[in-house]
Amino acid sequence: VHDVVVVGASAAGLAVAASLKTRGIEAVLLEQYEHVGHAWRNHYERLHLHTSRGLSGLPGFPMPRSYPRYPSRQQVVDYLEAYREHFDLHPRYGQTVKSVRREGDLWLVETTMDLFRARRVVVATGYTRQPVRPRWPGMEDYAGELMHSSEYSSGARFSGSRVLVVGFGNSACEIAIDLVEQGAEPSLAVRGPVNVVPRDVFGIPILGVGIAMSFLPAKVADVLGKPIVAASVGNIEDVGLRRLPYGPNTQIREHGRIPLLDIGTIDLMRKEKISVRPGIESFYEEGVVFADGRREDFAAVVLGTGYRPALGEFVAVEGIDAKTGSNEGSGYRLDDDLYLCGLYVSPTGMLREIGIEATRIADDVLRRSATNY
C-alpha cells in the first residue's frame with residue numbers, strides 16, 4: 001500500500017511529487033508516455049509561454065535566468081526534464097491509467113500494466129487531456145487538410161495557401177500569427193463575442209497586474225483594468241470582433257474561460273494580414289459556409305477549439321467532471337483523499353497556479369498523514 005499515487009508526469013504531477021518529496025513523502029508517479037511533459041513536447045513549434053518566466057517556475061526550482069521573459073516550448077520541456085532530475089523523480093512510464101476507484105479504505109489505480117493501492121491519489125493529467133473536436137454538416141466531404149490545433153506543428157507547408165483557424169483562444173491566435181510568418185493567408189472563425197487583454201502593459205507582464213487584482217471582486221477588477229486594456233489594445237470592434245458584455249476577470253472567474261492574451265494578433269488584423277470571419281455553418285468539398293452565408297475555399301482548416309480534462313472517463317467518482325476547473329476543486333482534497341492538480345483556469349497563469357496547488361496538496365497530505373497514520 002502506497003501513501004500517495006500521482007497520475008500524470010507533466011508540470012502538475014512533477015510539482016506535486018517534488019513537493020511531497022521535500023516533506024518526506026515518496027509518491028508513486030505514473031505516466032502514460034515514455035517521457036515527462038508529453039503535451040508540451042507535442043504543441044506547435046512557435047509556442048511560447050504567455051506568462052513570464054519569473055512567475056512560472058514550479059516549487060523549489062525556478063526557471064533559469066538565462067531563459068527569455070517568455071520561454072519557448074522547447075525551453076519549457078527542457079525545464080521540466082531538469083526539474084525531474086533536480087528532485088530525483090522517477091516516473092513509472094508506459095502506465096496508462098484505466099481506472100481510479102475507491103475500495104474500502106483505499107484507492108485502487110488500475111493501469112494497463114499494474115494495479116496500485118494507495119491511501120491517497122492525486123490526479124494531475126492536465127486541462128488539455130482530450131482535444132475538443134466539434135462537428136459540422138458536410139465535414140466528411142471536405143477535401144482539404146483538417147486538423148486540431150494539437151496536431152498542428154508549423155505553417156511552413158501552407159505558404160501561399162488560405163487557411164482557416166477556428167476559435168479565438170491563445171493557441172488559435174498564435175497559430176494564425178505563425179501562418180502569417182510562414183507566408184500563408186489565415187482567417188479566424190470567431191463565433192461569439194470575446195475579450196482581449198495585452199500580454200504586456202508598458203513593458204510589465206499583465207500577469208503581475210492580474211496577481212495584484214486577484215484579491216478584488218471580478219467586476220471591480222474589470223472596471224479598474226478597462227482603461228489599461230483600452231489604451232493597449234484599442235477598439236477590437238474595428239477589426240470585426242464583438243466585445244463580451246463583461247470583462248476578462250469576470251470571464252475567467254465566473255465562466256472558466258481565458259481571454260486572449262494578445263501577442264500581435266490584433267495588430268496583424270489591423271494590417272489585414274489576418275481576416276476575421278463569423279462562426280461556421282457547414283463544410284463543402286473546397287471550404288466552408290459561414291453563418292452569414294458566405295462560402296470560401298480553404299486549403300486547410302485548423303480547429304483551435306480547445307480541450308477538456310475528461311476525468312470522468314477513468315475516475316470513478318460521481319460528478320468528477322463538474323469539479324474540474326473549479327478553484328475549490330483543483331488543488332483541494334475532494335472526498336476520501338482524492339486530489340486534483342492543474343485543472344483550474346487561473347487568471348494569474350496556469351504554471352503559477354500549479355505551484356500553489358502542489359504546495360497546498362503536499363501540506364494537506366503531510367498534515368493528514370501525521371494525524372491518521
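Colleague: Let's start with helix α7. What covers the buried residues of α7?

Modeller: The cover includes β10 (196–198) and α6 (218–233). Keep in mind as we go that this is a predicted model.

Colleague: Thanks. Which residues of α7 are buried, and what general idea should I bring to a helix?

Modeller: An α-helix has 3.6 residues a turn, so residues three or four places apart point the same way. In this structure α7 covers residues 248–255, and P248, N249, T250, Q251 and I252 are its buried residues. Look also at what follows: G256 comes just after α7 and has a positive phi of about 65°.

Colleague: How should I read the nonpolar core? How many residues does the largest one have?

Modeller: The general idea first: in soluble globular proteins, nonpolar side chains tend to be buried together. Here the largest nonpolar core has 73 residues, and those with the most contacts inside it are L58, L80, F168, L188, L241 and M269. Helix α1, residues 11–21, is the element that gives the most to this core, contributing eight residues.

Colleague: Let's zoom in on one of them. Which residues is L58 in contact with, beyond its neighbours within four places in sequence?

Modeller: L58 is in contact with A11, A15, Y79, L80, Y83, L351 and I354 once those neighbours are set aside. Another core lies apart from the largest one; it has 20 residues, including V5, L30, L311 and L338.

Colleague: On to strands, then. Which strand runs parallel to β1?

Modeller: A useful starting point is that in a regular strand the side chains alternate between the two faces of the sheet. To place the strands, follow the bridges: β1 (residues 2–7) is joined to β5 (residues 115–123) by five of them, and the two strands run parallel. One point to click on is H2, whose bridge partner in β5 is A118.

Colleague: And in which sense, parallel or antiparallel, do β4 and β5 pair?

Modeller: Antiparallel: β4, residues 106–111, pairs with β5 over four bridges. A hairpin of three residues links β4 to β5, and E110 has L115 as its bridge partner in β5. β5 also pairs with β20 (residues 338–340), in the parallel sense and over three bridges. There, V121 has L338 as its bridge partner.

Colleague: Now a loop residue. Where is S330, and is it buried or exposed?

Modeller: S330 sits in the loop between α9 (320–323) and β20. S330 counts as buried because its relative accessible area is 1%, the cut-off for buried being under 20%. For a buried polar side chain, a good habit is to look for its polar partners. A polar atom of the S330 side chain lies 3.2 Å from the backbone nitrogen of G342, and the side chain also reaches the backbone nitrogen of L343 at 3.0 Å. Beyond its sequence neighbours within four places, S330 is in contact with residues including K323, Y344, E357 and R360.

Colleague: Last one: which residue other than glycine has a positive phi near 55°?

Modeller: That is D88, in the loop between α3 (73–86) and β3 (97–103). D88 is partly exposed, at 44% relative accessible area. D337 also has a positive phi, of about 65°, without being a glycine.

Colleague: Where is D337 found, and is D337 buried or exposed?

Modeller: D337 is in the loop between α9 and β20, and at 7% relative accessibility D337 counts as buried.

Notes. Residues are numbered from 1 along each chain as its sequence is written. This is a predicted model: local features need pLDDT of at least 70, side-chain atom pairs count only at pLDDT 80 or more; totals for chains, interfaces and linings use all residues. Side-chain values use heavy atoms; hydrogens and water are left out. A nonpolar core is a set of buried Ala, Val, Leu, Ile, Met, Phe, Trp, Tyr and Cys residues joined through side-chain atoms within 4.5 Å. Buried means under 20% relative accessible area, exposed over 50%, partly exposed in between (1.4 Å probe, protein chains only). Contact means heavy atoms within 4.5 Å. Two strands pair if DSSP finds at least two bridges between them. A polar contact is a pair of N or O atoms within 3.5 Å; within protein, one must be able to donate a hydrogen and the other to accept it, and residues adjacent in sequence count only if both atoms are side-chain atoms.
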